[in-house]
Every structure is written in structure tokens, then in C-alpha cells.
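Biologist: Please take a close look at one part of this model for me. I would like to hear how one pair of helices packs.

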Amino acid sequence: MVYLDNAATTLIKPDAVARSMASAVKTLASPGRGGHEASMRAAQTAFDCRETAAEMFGVCSPENVIFTMNATHALNIAIRSLAGRGSRAVVSGYEHNSVMRPLHAVGADIRVARGGLFDKNAVVYSFRKELMRGADVAVCTHISNVFGFILPIDEVAEMCRKYSVPLIIDAAQSAGAETLNIEDLGASFAAMPGHKGLYGPQGTGLLLIGENVRAQPLMFGGSGSNSELMDMPDVYPDRLEAGTHNMPGIAGLSEGIRFVRKIGEYRIKRHERRLIDLAHRLLSGIGGLELYYTEDAGAQGGVMSFAVADMSSEECAESLSELGIAVRAGLHCAPSAHASAGTDKRGTVRISVSAFNTEDDIYALFDAMKRIKAKKL
Amino acid sequence: MTNYLLICRSLTYAQRASKVLKSAGIPASISRIPKEIATNGCGYCVRLAEKWLSRSLELLNNTGLQPIKVYAWYGYENYAEV
């Protein structure tokens with residue numbers, strides 16, 4: 001199988017990820033739940049992961065790196081910490097339902113700062129307009145999961161600082177493929193999965209918290225600390241990590257992050273972009289495809305959507321699957337992004353690459369699409 | 001021999017403190033806070049020998065990692081806050 005669905009999860013991981021997880025199952029107990037060797041070994045593994053993530057993403061302290069189940073879990077904590085009923089929430093026009101649904105659930109007044117696809121200036125203009133109207137919180141995805149559009153996060157963060165609006169960054173697609181520094185941006189929160197660009201296993205995610213930002217727990221329970229108090233502890237990470245940790249996941253995530261840091265986000269990004277450029281060049285030669293692509297390498301990452309003139313996106317993805325190519329079709333849990341790009345009626349077929357994809361994978365996609373189109377004629 | 005227990009606000013905090021001390025060549029270990037001196041239930045502390053106490057507190061103050069409290073531990077259930 002040629003796997004081109006990395007925006008959902010990176011299926012191919014560094015070998016060290018599975019090895020460390022298998023070892024963790026046998027050797028790591030619960031961190032913060034004992035003073036014995038197996039517990040302290042787990043605590044050291046968790047601490048190493050927090051420390052590495054803090055360094056990588058410019059977080060003020062390892063304590064402000066919170067382990068979550070996924071990016072959605074992290075976004076729920078961030079959104080529920082900053083937004084409530086009637087809160088004025090400004091969001092980009094490219095948000096995933098992991099942002100839109102929690103905002104809707106708390107009863108926030110959602111204001112969408114729409115901008116055309118790959119048009120960074122339009123996004124900045126819309127954000128400024130909405131922030132000037134007054135806002136209690138802003139949420140901005142760093143890279144669209146549908147189109148790979150790299151949003152102007154520096155400019156959005158600068159405006160949020162100017163208007164004193166706390167910013168939540170959804171780094172679901174950018175973590176590991178774009179540099180991100182929470183402290184420099186002055187963001188309140190950044191949420192990211194462990195299982196995509198950080199090459200960890202499913203069931204892992206990170207919530208990064210800015211300095212002096214107070215987050216509210218989403219779950220309550222044992223934290224291994226201050227156990228005589230009925231309230232969750234005031235300090236991070238204990239405040240937000242109720243219950244037993246996913247130690248095999250954290251051990252695997254550590255190895256994934258180590259892999260990314262060894263190669264470097266810039267090299268991964270360059271590799272992914274080359275593959276997207278190749279995909280665009282090849283697929284452009286096939287008639288009847290609408291490709292959502294920009295030549296501006298600063299505006300599109302390792303994701304590209306396309307639509308087929310005489311075929312539904314789901315039908316195309318199914319045909320590709322039969323030919324051994326894994327892609328994703330439909331609305332990608334991001335109807336708002338499709339509304340911004342005008343693709344909400346039919347959805348798109350999405351390809352998304354990782355550090356492990358090769359040019360051969362893209363040629364395989366090209367051959368498969370040629371066969372599918374030829375069959376339709 | 002008297003040991004000292006530097007009470008930390010969390011396990012992660014204790015890990016940060018311990019790392020600073022070890023980087024400076026000070027033998028320090030993380031252990032559970034004994035129930036007799038735990039203010040709000042379970043927690044962690046950094047344990048070290050008496051000869052390292054003064055230097056350790058100086059280092060931790062300089063790095064913003066001050067302990068919540070410091071106890072001298074004379075053995076078994078014999079503790080005194082410093």
C-alpha cells in the first residue's frame with residue numbers, strides 16, 4: 001500500500017517508536033504514583049518527553065507541557081479554559097471540527113475570519129477586522145488539514161497581542177513540519193497530536209501552555225499529588241493530567257520527537273513540499289482534475305486536495321484504495337475550511353505526505369489516477 | 001547522618017530541581033514525601049545530604065526552583081522543618 005493519508009495519522013513511524021513502546025509495556029509503571037524503580041523510570045521518561053517538547057516549541061517550562069490523548073483533547077482543555085457561553089471567539093476560516101464543536105458546545109459566539117485559499121493577506125485582514133470588533137479568544141489553525149494552507153500565524157499572533165486577545169493555536173498539522181515557538185508568539189495554548197508529524201503513536205497528544213496562563217481541568221481524579229485536597233492541584237502538569245498516564249504512548253512519542261529533531265523540521269518540510277510539487281506537476285497532466293495548489297512554498301505544506309470533474313471525491317478515493325493508494329476524501333471533519341475554499345458541496349480528495357514518502361509513491365498515485373480516469377472515459 | 005528533604009510542589013518540579021543539582025555535581029535523589037510531613041497528601045521531594053544543603057538552596061534559588069519547605073530528617077519518623 002502507498003500511504004498518502006498522513007494528515008490523519010502517520011502510519012509509518014521510526015522503528016524506535018514501536019521498540020520503545022514494547023519495552024515500556026514491560027518496564028514502565030505509573031509516574032507520580034510511587035517511589036519504586038519502575039515508577040521513577042516512568043517519571044523520567046515522561047519528564048524527558050516534556051523537556052524535549054518544551055525546548056522544541058519554546059515553552060517556558062517542562063511543567064507547561066501536558067500529555068493528552070490527542071490534539072482534540074488538548075483543544076477542548078484550551079477552549080474550555082478561555083471560552084464560555086457568549087464569549088466572542090474569532091476563528092480562521094480553515095478550522096477543524098475539533099475547534100468548531102468545542103466552541104459551539106460551550107455556547108461561544110463564533111466569528112469566522114474568512115480569507116481565500118492561500119491568501120494570507122486576506123486572512124490577516126479578516127482577523128484584524130474581527131479582533132477590532134472585540135474578542136475574548138482567538139483560535140487559529142497553523143496549517144489547514146484539508147489544503148495544507150499555512151496560515152499567517154506570526155501576523156495573527158501579533159494582532160492578538162496588540163488587542164490583548166488570548167490565542168489558541170491548533171498545530172495538528174504543523175507540529176514537526178513547521179517551526180513553532182509559543183513564547184515568541186505569545187500564545188496562550190498550542191494543541192498538537194503526537195501521532196502525526198511528531199511520529200508518535202495514536203492516543204498521544206500535547207497541550208502546550210504559555211507562561212502565566214491558567215487552564216481549567218477537563219477531567220478530575222487522581223494526580224498522585226495533593227491527594228488530601230478535593231480540588232485538582234494548582235500546579236501543572238498535575239492539574240490537567242488526572243488518571244494513569246499512557247506510558248507506552250509517551251515512550252513512543254519521545255522517540256518520534258527525537259526522530260523529528262534529528263532530521264529537523266526544515267528538512268522534513270522541504271521534503272514534503274518537493275513531493276507535493278511533484279504530485280501537482282504530474283496530476284496537472286491528467287485532464288479533468290482541479291488541483292488546490294499554490295507555487296508559494298511558504299503558503300502550502302505537505303497536504304494537497306483535488307477534485308475530479310466527473311467523479312465524487314469518495315468514489316475517487318475508493319478507486320484509489322482498490323489500486324493500493326490510501327488517501328482521504330470528503331470534508332475531512334473541516335466543513336468550514338471547505339466553505340472558505342468553495343469546495344463544501346462536493347468535498348475533495350486529499351493527499352498528505354510524510355518524511356517516509358518517496359517520489360515512487362507519488363508516481364504510483366499518478367499511475368493510479370491515470371487508470372481511474374481512463375476507465376471513466 | 002542527617003538528610004534533608006526539599007519539598008517540591010510536584011513531581012515534575014522535583015525532577016527539574018534534581019536535574020539542576022545533579023548538573024552541579026550534587027548527589028540528589030527524588031523520593032516520596034513522608035506522610036508525617038506531607039501537608040496535602042502525596043507528593044515528592046528532593047533528598048540530599050547535609051553537606052550539600054546550603055549550596056543546593058543557593059542553586060535552586062538562582063534558578064527559580066525554590067522548594068516549598070525544607071525538612072531535616074534524623075531518621076525514622078524524626079523530622080524538623082528548617
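Modeller: What follows is the helix pair in chain A, then a short look at chain B. Keep in mind that this is a predicted model.

Start with the pair. Helix H1 of chain A covers residues 15-27. Helix H8 of chain A covers residues 247-263. Their axes come within 8 Å and cross at roughly 150°. Angles over 145 degrees count as roughly antiparallel. H1(A) and H8(A) are therefore roughly antiparallel to each other. The crossing of H1(A) past H8(A) is right-handed.

Now the residues. From H1(A) come Ala16(A), Val17(A), Ser20(A), Met21(A), Ala24(A) and Val25(A). They meet Met247(A), Pro248(A), Ala251(A), Gly252(A), Ser254(A), Glu255(A) and Gly256(A) in H8(A). By class, this contact between H1(A) and H8(A) has eight nonpolar, four polar and one charged residues.

Chain B can be read as a whole. Chain B has two helices and five strands. Along the sequence, their order is β-α-β-β-α-β-β. The C-alpha trace of chain B spans about 30 × 25 × 15 Å along its principal axes. A compact globule of 82 residues would have a radius of gyration near 12 Å, and the 11 Å of chain B agrees with that. Of the 82 residues in chain B, 37% are buried. Consider also the contacts in chain B between residues at least 6 apart in sequence: 63% of these join residues at least 24 apart.

Definitions and conventions
Residues numbered from 1 in each chain as written. Chains lettered and ligands numbered in written order. Predicted model: local features only at pLDDT ≥ 70, side-chain atom pairs only at ≥ 80, totals over all residues. Axes fitted to C-alpha atoms, helices over the stretch in contact; angles between N-to-C directions. Helix = DSSP H or I, 4+ residues; strand = E, 2+ residues; numbered from the N terminus. Parallel < 35°, antiparallel > 145°, perpendicular 65-115°, else oblique. Left-handed = near helix turned anticlockwise from the far one by under 90°. Contact = placed C-beta atoms within 7 Å. Nonpolar A, V, L, I, M, F, W, Y, C, P; charged D, E, K, R; others polar. Rg over C-alpha atoms; globule rule 2.2 N^0.38 Å. Buried ≥ 20, exposed ≤ 12 C-beta atoms within 10 Å, placed from the backbone.
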